[in-house]
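Visitor: I should like to learn how to read the helices of a model and the way they pack. Could you guide me through one case?

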Amino acid sequence: MIRFNRSKNFSTRIVKLIKSGAHGEGEAVDILWHDKVLRNQAFKIIRGIGIDLDSSQTIFNDAILTTLISVQNNKFEGDNIRAFIVGICKKKSLDKIRRDGKRREKDLVTDPIKISDVDTS
């Protein structure tokens, strides 16, 4: 289980900001995006799964936006928004690995190596 210091107060503050309207949403996204504890934990998980740095950044950004939408739609019921975001990052990372693997398999099937393409010298 992922634990973060003072997560309940932090989560409550972020949820209130998001629900307060456009200005609050922007402030909440800014706080989450610059939160070193969150960023370090998320990138540790994402990079540990084997995702490159550029894709890691995209996954992190997507996870913050997914969280924003979840809070707006009252789908976030926990008391640790950081753990919620890290969980989303993990799921999105695993989904990317699966998608990329399927793409590679498809490429291998649709683009077989011809014997004439192989250098035998």
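Guide: Let us begin with burial in one helix. This is a predicted model, and within α4 the buried residues are Ser-55, Ser-56, Ile-59, Phe-60, Ala-63, Ile-64, Thr-67, Leu-68, Ser-70 and Val-71.

Visitor: How far apart are the end C-alpha atoms of helix α4, and what should its 20 residues span?

Guide: The general idea is to take 1.5 Å times one less than the number of residues. For α4, residues 53-72, the expected span is therefore 28 Å, and the end C-alpha atoms are 29 Å apart, which agrees.

Visitor: Which residue caps the N-terminal end of α4?

Guide: To read a cap, one looks for a side-chain atom that meets the backbone at the helix end. Here the cap is Asp-52, with a side-chain oxygen 3.1 Å from the backbone nitrogen of Asp-54. Just after α4, Asn-74 has a positive phi of about 55 degrees.

Visitor: At what angle do α3 and α4 pack?

Guide: Helix α3, residues 36-49, packs on α4 at about 125 degrees, and the two axes lie 10 Å apart. An angle between 115 and 145 degrees counts as oblique, so α3 and α4 are oblique to each other. Their crossing is right-handed. On the α3 side the contact is made by Leu-38, Arg-39, Ala-42, Phe-43, Ile-46 and Arg-47, and on the α4 side by Leu-53, Ser-56, Gln-57, Ile-59 and Phe-60.

Visitor: How does α2 pass α4, in a right-handed or a left-handed crossing?

Guide: The crossing of α2 and α4 is right-handed. Helix α2, residues 22-34, makes an angle of about 140 degrees with α4, the axes being 11 Å apart; α2 and α4 are therefore oblique to each other. From α2, Glu-25, Val-29, Leu-32 and Trp-33 take part in the contact, and from α4, Gln-57, Phe-60, Asn-61, Ile-64, Leu-68 and Gln-72.

Visitor: Is Asn-80 buried or exposed?

Guide: Burial is read from relative accessible area, with under 20% as the cut-off. Asn-80 has 14%, so this residue is buried. Asn-80 lies in the loop between α4 and α5, the latter being residues 81-110. A polar atom of the Asn-80 side chain is 3.1 Å from the backbone nitrogen of Ala-83.

Visitor: How does Val-37 count at 44% relative accessibility?

Guide: Values between 20% and 50% count as partly exposed, so Val-37, at 44%, is partly exposed. Val-37 belongs to helix α3. The C-alpha atom of Val-37 is 8.5 Å from that of Arg-82, although 45 residues separate the two along the chain.

Technical notes. Residues are numbered from 1 along each chain as its sequence is written. This is a predicted model: local features need pLDDT of at least 70, side-chain atom pairs count only at pLDDT 80 or more; totals for chains, interfaces and linings use all residues. Side-chain values use heavy atoms; hydrogens and water are left out. Helices (H or I, at least four residues) and strands (E, at least two) are DSSP runs, numbered from the N terminus. Buried means under 20% relative accessible area, exposed over 50%, partly exposed in between (1.4 Å probe, protein chains only). A polar contact is a pair of N or O atoms within 3.5 Å; within protein, one must be able to donate a hydrogen and the other to accept it, and residues adjacent in sequence count only if both atoms are side-chain atoms. Axes are lines fitted to C-alpha atoms, for helices over the stretch in contact, and angles run from 0 to 180 degrees between N-to-C directions. Angles under 35 degrees count as roughly parallel, over 145 as roughly antiparallel, 65 to 115 as roughly perpendicular and the rest as oblique. A crossing is left-handed if the near helix is turned anticlockwise from the far one by less than a right angle, and right-handed if clockwise. Contact means heavy atoms within 4.5 Å.
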